[in-house]
Amino acid sequence: MFFKVLKRLRVIVSLFVFLLILSFFIDFFGRVSVPLINSVLFLEFVPSLLSFLSLLTLSAIGFVLIIVLTLLFGRIYCSTLCPLGTLQDIVIYFGKKFGRKKRFKFLRTYNWVRYSILGVVVLFLLFGNIFLLTVLDPYSAFGKISTTLLKPVFILINNFSSKQLAASNIFWFKPIETTGSSLFAILFSSAFLILILWFSIAKGRLYCNTVCPVGAFLGLISKASVFKIRINEQSCTSCGLCSSVCKSGCIENKTHQLDFSRCVGCMNCLNVCKTKSINYHASVKNAEVVKNDSSNGRRKFIATSVLFTLGMTFLAFGEKTIQKTRNTIYPNSKKNPVSPPGSVSVQHFTGKCTACQLCISICQAQVLKPSVKEYGLNGIMQPHMDYGVSFCNYDCNLCTQVCPNGALLPLTVKEKQQTQLGIAQFIEKNCVVYTNHTACGACSEHCPTKAVHMIPYTDNLVIPKVDESICIGCGACEFSCPTQPYKAIYVEGNVKHLQAQKPVTKEIKQKVNLKEDFPF
């Protein structure tokens, strides 16, 4: 009875955390509070760790609490707090409800695979490369799936409902305009989701115990857990019920083996055992005997690490060559991407961002988009400012307030309004004033600091000029520029963000003759 209550509590907590995190990514009305987002994501392992390394403050030690919980109870994070883990559980549950009854079985321990992946991830981190975490971190993977695939579905449902209800003079929902996402981001997220769905339906939590670096790390720690699941070999009848419901495939009923390092604490086995031979209690004795299917695990780990590192080196070299060629062919293209406010510099941002895309989801202007080639190969899917679809709202600082990794540092609205993300570059030969000899001025009208202002040109026409000292690189000028296919003005990103000077405000004084009946 106790174990049933414990399992129900786990399910309730995991679903609650899952729905909360999902709401952060699909909140297209901007109603979720920033303090709530920060308090929930405090306990996401990788974001908390990276945030601590960036800020070195006690407010970012959620990963330490996860380690303590793991030392006490095992992989509680994987079963309760990880949104990707809960997503897999949901898939497994409905797979059983609407498909054939799935009976799990004991899986071989591919320790050399998961520990090789963990080792290479750590090696990359030591050299300041976050590429593998960008791809494999479970929280960030869930963020990509939610932002790129699930959020558009909710927006579509909202807009359809809004249209149908508006026909009946019911205005409960308002339509949401969206700039969409790139094809690459959709394909990237879809491929990962298909992989997760296939793993979940066919092999349960195989991703968590073979690919996920967080699962591998917490699995190592869980070997020293105080509370463990133990099998009583004397009373066990080897009926196989526990093994058939084990999503981790870590129970070998014939030999009474249980690999606790792969156990995600779902507690299914505790509830199905008819002889009460499986218990969850404190023990100083190892709770499992693990088969090592790889006698050459060390050599395989070294070989895998070397090959992977060499491969990534060649890919990075190739990417730099391609970038150099691209700049030669297209001399007017941007040399540097524009990284989001609070990112300090491109180097700081790409070294901390795991592309969870929370900032993309919360951006009301929808100017933040997943990168493809902007940051190079190692920065795939990390957000950049896409001024082709929108521009940065002058009075908004939301993205700097919600980043869980420390890739975007907090900025007040005033600080953000003086942060120079880049500098506008004007190309006279592309401007309609030059090509068509006609008036425009759209860039100046939309510039919030009036860094882009109009000066006399010819024949009573005026043409833009940029005051670089007060330009903040918000992209309003680039977005509003009507020239096609090449913009007459664009923002060249700053490799390191600078501080712009305050724009000079001019006070307009109007003399009013109070003796007149209608002075206005």
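A pocket is an open set of points on a 1 Å grid over the protein atoms alone, with protein on both sides within 12 Å along at least five of seven lines; its lining residues have an atom within 4 Å of a point. A volume is the space filled by probe spheres set on the points.

The model is predicted, and local features need pLDDT of at least 70, whereas totals for linings use all residues. Residues are numbered from 1 along each chain as its sequence is written.

**Exercise 1.** Determine the volume of the second largest pocket and describe its lining.

*Solution.*
Step 1. The volume is about 550 Å³.
Step 2. The lining has 21 residues, and those closest to the pocket centre are Lys7, Asp89, Tyr93, Lys96 and Asn268.
Step 3. Helices are DSSP runs of H or I with at least four residues, numbered from the N terminus. At least two lining residues come from each of α1 (2-26), α6 (83-98) and α14 (268-272); α6 gives the most, with eight.
Step 4. By residue class, eight of the lining residues are nonpolar, four polar and nine charged. Asp, Glu, Lys and Arg count as charged.

**Exercise 2.** Establish which residues of helix α4 are buried (under 20% relative accessible area, 1.4 Å probe, protein chains only) and where they lie on α4.

*Solution.*
Step 1. Helix α4 covers residues 62-73.
Step 2. Its buried residues are Gly62, Phe63, Ile66 and Thr70. They lie on the same side of α4, because they cover an arc of only 100° around the axis; the arc is that of the directions from the helix axis to the C-beta atoms.
Step 3. These buried residues pack against α3 (45-55), α5 (76-81) and α12 (213-222), where contact means heavy atoms within 4.5 Å.
Step 4. After α4 comes Gly74, with a positive phi near 95°.

Conventions: Predicted model: local features only at pLDDT ≥ 70, side-chain atom pairs only at ≥ 80, totals over all residues. Heavy atoms only, no water. Expected span 1.5 Å × (residues − 1). Buried < 20%, exposed > 50% of the residue type's maximum accessible area, 1.4 Å probe, protein only. 1 Å grid on protein atoms, 1.4 Å probe; cavity = no way out; pocket = protein on both sides within 12 Å on 5 of 7 lines; lining within 4 Å.
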